[in-house]
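The exercises below go with the sequence and structure that follow. Each has a task sentence and a worked solution.

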Amino acid sequence: MEPAVLNWFAKLKEASVLQPFELPNKNIQSCKLFVKRDDLIDAHISGNKLRKLEGNLRAAAAAGATRLATFGGAYSNHLLASAAAAQQLRIPITGYVRGDELCATSNPILRRCHEFGMQLEFSTRSAYQKLKLKSGLDLPTQTWYIPEGGANPEGIWGCQQIYQEAVRQNNQQHFDVVFIAQGTTTTSLGILASIPPSTQLFVVPVLKGFDSIAEMQQLIEQAQRATLTSNLVFPMEQLIVLDQYHHGGYAKTSIELNAFIAVFNQHQQFPIEASYTGKALFALNAHLRAFQDKSVLFIHTGGVV
């Protein structure tokens, strides 16, 4: 990857700081809470979106790709982040969008992607299901395909850096516990591959009925065959899945969750929302008594407008 591109990524990641924080009504004074603020990285290329893109762009450059392509729904933050990054790095990009009834002006997300220069291709839902997992180099067109949500081994590679940076920002001290919201499992696996044996990783799936372990195992198999990630180890025995905090499913919420988010956001420490970070922090709050005398890292994966 060219030095200018490496410097671009490095500059954006400087904004992701480590901060101590408090939960409302926390009465366990010996529990130390920290948040990794990936939400501060960029207005459009926020949180783990940048991490996944870095691994993919590194692999794309190594493969000699000259353009990018990726996939997403009508309100995909991944599409928006990819479009914004491609514009800034002057790389042509195509976005395949689920829903052939849509167009570039259907909503503010798609409009912004178009303004960033992304070529939008609208697909039927059935055709999209066959396309969305396409990953890697298409040799005839020299196009590097990033699957929906950046869920590939290259995305895992980029997400390792989240925990590694947090440790450096914590005076090289590891954390006892890490909490993170889980969507595609890509970020979770990046964290899992970077923690020491003394650290536990708690993941909070935001999808109802999501088989977290099976999804992670499937992506691990891909990672073991990929150049960037073949040397990574994923200690599943250090993983704890909290799958009862989806509050009805993706983009669903509850009275309890809304109340928790409202109270937390009033304290103005950092913003959370109901789809990802709010659910993960709600779960952390529910389990807080188990972490007495421990240091806990909450990873803010972005996504807050």
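**Exercise 1.** In this predicted model, decide whether Glu165 is buried or exposed, and list its contacts beyond the sequence neighbourhood.

Solution.
1. The relative accessible area of Glu165 is 8%.
2. Buried means under 20% relative accessible area, so Glu165 counts as buried.
3. Glu165 is found in helix α6, which covers residues 153–169.
4. Leaving out residues up to four places away in sequence, Glu165 touches Lys13, Ser16, Lys36 and Arg51.

**Exercise 2.** Place Lys132 in the secondary structure, classify its burial, and describe its surroundings.

Solution.
1. Lys132 sits in a loop, with α5 (125–131) on one side and β6 (136–138) on the other.
2. Its relative accessibility is 19%. Because the cut-off for buried is under 20%, Lys132 falls in the buried class.
3. Once residues up to four places away in sequence are set aside, the contacts of Lys132 are Phe71, Pro147 and Glu148.
4. For Lys132 and Val97, the sequence separation is 35 residues, and the C-alpha to C-alpha distance is 9.2 Å.

**Exercise 3.** Find how strands β8 and β9 pair, and state how far β9 is covered.

Solution.
1. Strand β8 spans residues 177–182, and strand β9 spans residues 200–205.
2. The two strands, β8 and β9, run parallel and are joined over 6 bridges.
3. Within this pairing, Val177 stands opposite Gln200 in β9.
4. Of the 6 residues in β9, 5 are buried, which leaves the strand mostly covered.

**Exercise 4.** Judge whether the protein is as compact as a globular protein of its length, then describe its overall extent, contacts, surface and charges.

Solution.
1. The protein has 10 helices and 11 strands.
2. Its radius of gyration is 19 Å, and the globule rule gives 19 Å for 305 residues, so the protein is as compact as a globular protein of that length.
3. The C-alpha trace spans about 60 × 40 × 35 Å along the principal axes.
4. Buried residues make up 55% of the 305 residues.
5. Among contacts with a separation of 6 or more, 72% join residues 24 or more positions apart.
6. The accessible surface is about 13600 Å², and carbon and sulfur atoms contribute 50% of that area.
7. There are 26 positive and 24 negative charges, and their mean positions lie 2 Å apart.

Technical notes: Residues are numbered from 1 along each chain as its sequence is written. This is a predicted model: local features need pLDDT of at least 70, side-chain atom pairs count only at pLDDT 80 or more; totals for chains, interfaces and linings use all residues. Side-chain values use heavy atoms; hydrogens and water are left out. Helices (H or I, at least four residues) and strands (E, at least two) are DSSP runs, numbered from the N terminus. The radius of gyration is taken over C-alpha atoms; the globule rule is 2.2 Å times the number of residues to the power 0.38. Buried means under 20% relative accessible area, exposed over 50%, partly exposed in between (1.4 Å probe, protein chains only). Contact means heavy atoms within 4.5 Å. Accessible areas come from the Shrake-Rupley method with a 1.4 Å probe; for residues, only the protein chains shown count as cover. Lys and Arg count as positive and Asp and Glu as negative; His and the chain ends are not counted. The place of a charge is taken as NZ of Lys, CZ of Arg, CG of Asp or CD of Glu. Two strands pair if DSSP finds at least two bridges between them.
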